[in-house]
Amino acid sequence: MHKRPGIVSDQRFFDHAIPQHSLENPARLRRLYTRLAAEPYLGRVQCFRPREASAEDIEAVHSSFYQEQLREHVNVQDPFSYDRDTYLMEQSLYTAALAAGGCLELADRIVAGEIDYGFALVRPPGHHAEPGRGMGFCLYNNVAITAQYLRRVYGMQRILILDFDVHHGNGTQAVFNETDQVLFCSIHQEKLFPFTGKPQEVGIGKGYGYTLNLPVHQQFGDAEYLFLLNRVLGNVVEQYLPQIILVSAGYDGHEDDSISRTLLSTHWFFVVTELLKFFAHEVCDDRVLFILEGGYNPVSLEASVLATVDSLLTPCGKRPGVAYSQRAAKILAHHPVHQFWTL
Ligand SMILES: [Zn+2]
């Protein structure tokens, strides 16, 4: 039976804010929350409050030295004293712990079978935060903290993370570079901040072959992205058999988001969600948890997040049809993925 999807939202996510303009600001979430509290969503999604991630949860990803550094840089007079775009105000670390804890709240409910699909509408985002360094608006790595929690608390040994934010998820990659218990796949625009995520970065040691980077060219859009994810993830999922799929869901690859040059439409975010639901139905009892990363045009962010939610409102359907894309196939022609997985 289809269960209503779980959403985490909370006004306290607005408390991480500065008077100066920053692309990463509370307005990103405000309208979305209003939309989700009204028709046609009212009563069709289950809303949950986040809890604060514990020190143990955060320390499974971030060094105590880093956390100490963050505390020292909380500075009301100069919020950018840590880094030029990653600001720290009085409430920032509390909000970041709440963002990570919101993801854990949904992870618990998915494992308990209360919900199949979850979407943590949290901020600040997390995928750039490395074990010992925050950057790119990110303080704590929400998706990495969630994966570590699922390993530690539930003993999961095969977790798939798909990161479709337009930027490479360098922080998440750094956390899981040496393990085969988390398979990290990032699709992102090439030659863009943080300038990592080349195909040759495939993991090391036990993690060799469990990092998959798919950098795409400027002007790539729905057709190319869908071809790549369908071909690569569709096959990898069948061979890896993940126990859950976590999604670093960034909406900054949208054609109306000026931070990137990729051309994803609003509808693409619906179709990719349908595809991920299909994969999860095949291998992991429908368990999918979306975690909000980037997306800096509030209008396209709102429409695209709602496109994702629209998909989550319905049970898994047929596998979406995906057309062949020659431009995208070229990316795979000499890609190291073939050394590790059969496509
Ligand atoms: Zn991004």
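In this predicted model, Pro124 lies in the loop between strand E3 (117-120) and helix H5, and the peptide bond that joins Arg123 to Pro124 is cis, with omega about 0°. A second cis peptide bond, again with omega about 0°, joins Phe193 and Pro194, and Pro194 is placed in the loop between E5 and E6. That loop between E5 and E6 also contains Phe195, a residue other than glycine whose phi is positive, near 65°. Phe195 counts as exposed because 11 C-beta neighbours lie inside 10 Å, the limit for an exposed residue being 12 or fewer. A positive phi, near 75°, is likewise found at Gln219, which is located in the loop between E6 and helix H7 (222-240) and, with 12 C-beta neighbours inside 10 Å, counts as exposed. Such features stand apart from the general pattern, in which most residues other than glycine have a negative phi and most peptide bonds are trans.

The protein chain as a whole comprises 10 helices and 8 strands. Its radius of gyration is 18 Å, close to the 20 Å that the globule rule gives for 343 residues, so the chain is as compact as a globular protein of that length. The C-alpha trace spans about 55 × 45 × 40 Å along its principal axes, and buried residues account for 50% of the 343 residues. Of the contacts between residues at least 6 apart in sequence, 78% join residues at least 24 apart.

The 8 strands form an open sheet with parallel pairing, in the order E2-E1-E3-E8-E7-E4-E5-E6. Strand E2 (46-48) and strand E6 (211-216) are the edge strands, each pairing on one side only, and the twist from one strand to the next averages 15°. Strand E5 (residues 182-189) is joined to E6 by 6 bridges, the two strands running parallel, and within this pairing Leu212 of E6 is the bridge partner of Cys185. E4 and E5, also parallel, are joined by 5 bridges, with Phe184 of E5 serving as the bridge partner of Ile161. E5 is mostly covered, 8 of its 8 residues being buried. In a regular strand the side chains alternate between the two faces of the sheet. In E5 both faces are covered, with Val182, Phe184, Ser186 and His188 buried on one side and Leu183, Cys185, Ile187 and Gln189 buried on the other.

Helix H5 (residues 142-154) lies across strand E4 (159-163), E5, strand E7 (244-249) and strand E8 (288-292), and runs at about 165° to E7. Asn142 belongs to this helix and counts as buried because it has 33 C-beta neighbours inside 10 Å, where 20 or more suffice. When residues up to four places away in sequence are not counted, Asn142 touches Ala99, Ala100, Cys103, Val122, Gly126 and Ile291. The C-alpha atoms of Asn142 and Leu292, although 150 residues apart along the chain, are separated by 9.2 Å.

In soluble globular proteins, nonpolar side chains tend to be buried together. The largest nonpolar core of the model contains 98 residues, of which Ile245 and Leu289 touch the most other members; helix H4 (residues 92-111) gives the most to this core, with 10 residues. Beyond its neighbours within four places in sequence, Leu289 is in contact with Cys103, Leu106, Ala107, Ile110, Gly118, Ile244, Leu246 and Val247.

Two further helices illustrate how individual residues are placed. In helix H1 (residues 27-36), Arg28, Leu29, Leu32 and Leu36 are buried, and they cover an arc of only 65° around the axis, which puts them on the same side of H1. This buried set packs against strand E1 (6-8) and helix H9 (298-312), whereas the face of H1 turned away from the buried side carries the exposed residues Ala27 and Thr34. In helix H8 (residues 266-283), where Leu275 is placed, Leu275 is buried, with 20 other C-beta atoms within 10 Å, and its contacts, leaving aside neighbours within four places in sequence, are with Leu229, Asn230 and Pro320. The C-alpha atoms of Leu275 and Arg319, which are 44 residues apart along the chain, are separated by 6.2 Å.

Technical notes:
Residues numbered from 1 in each chain as written. Predicted model: local features only at pLDDT ≥ 70, side-chain atom pairs only at ≥ 80, totals over all residues. Helix = DSSP H or I, 4+ residues; strand = E, 2+ residues; numbered from the N terminus. Rg over C-alpha atoms; globule rule 2.2 N^0.38 Å. Contact = placed C-beta atoms within 7 Å. Pairing = 2+ DSSP bridges. Axes fitted to C-alpha atoms, helices over the stretch in contact; angles between N-to-C directions. Core = buried A, V, L, I, M, F, W, Y, C linked by C-beta atoms within 7 Å. Arc of directions from axis to C-beta.
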